[in-house]
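Work through the following exercises with the sequence and the structure side by side, and try each task before you read its solution.

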Amino acid sequence: MLGKLLIGIGLIVIAFGIASMIGERHQWFKLGRLPGDIVIERDGNTIFIPITSMIVVSLLISAGFALLRLIRR
């Protein structure tokens with residue numbers, strides 16, 4: 001049971017890493033620079049608040065766990 005869960009989490013992390021690598025090469029998928037992400041730059045300091053990116057990652061993780069739940073049944 002725990003082994004399957006760890007494998008599932010690992011697959012989700014791998015998928016996120018692949019999507020991140022693809023996003024670096026192509027302009028159509030820039031996770032971390034989506035509309036709704038807040039960037040404040042002042043006097044050489046930068047504050048970055050990735051609200052939209054966090055929502056997208058949360059949805060992907062939730063979908064992954066739902067898929068694992070369906071596979072387990």
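**Exercise 1: Classifying Ile51**

At 36% relative accessibility, Ile51 falls in the partly exposed class. This value, like the others below, comes from a predicted model.

Task: Find the element that holds Ile51, and explain why Ile51 counts as partly exposed.

Solution: Begin with the location, which is helix H2. Next, compare the value with the cut-offs: buried means under 20% and exposed means over 50%, with partly exposed in between. Ile51 has 36% relative accessibility and therefore counts as partly exposed.

**Exercise 2: The nonpolar patch**

Task: Work out which elements each supply at least two residues of the nonpolar patch, and which of them gives the largest share.

Solution: First list the members, which are Ile38, Ile40, Ile47, Ile49, Ile51, Met54, Ile55 and Leu59, together offering about 690 Å² of accessible area on the surface. Then assign them to elements: S1, strand S2 (45-49) and helix H2 (51-72) each supply at least two residues. Finally, the largest share, four residues, belongs to H2.

**Exercise 3: The surroundings of Asp37**

Task: Decide whether Asp37 is buried or exposed, and identify what its side chain reaches at 3.0 Å.

Solution: Start by placing Asp37 in the loop between helix H1 (2-25) and strand S1 (38-42). Its relative accessible area is 13%, so Asp37 is buried. Now follow the side chain of Asp37, which reaches the backbone nitrogen of Thr52 at 3.0 Å and also makes a polar contact with the side chain of Ser53 at 2.8 Å.

Terms used:
Residues numbered from 1 in each chain as written. Predicted model: local features only at pLDDT ≥ 70, side-chain atom pairs only at ≥ 80, totals over all residues. Heavy atoms only, no water. Buried < 20%, exposed > 50% of the residue type's maximum accessible area, 1.4 Å probe, protein only. Polar contact = N/O pair within 3.5 Å; in protein donor to acceptor, adjacent residues only side chain to side chain.
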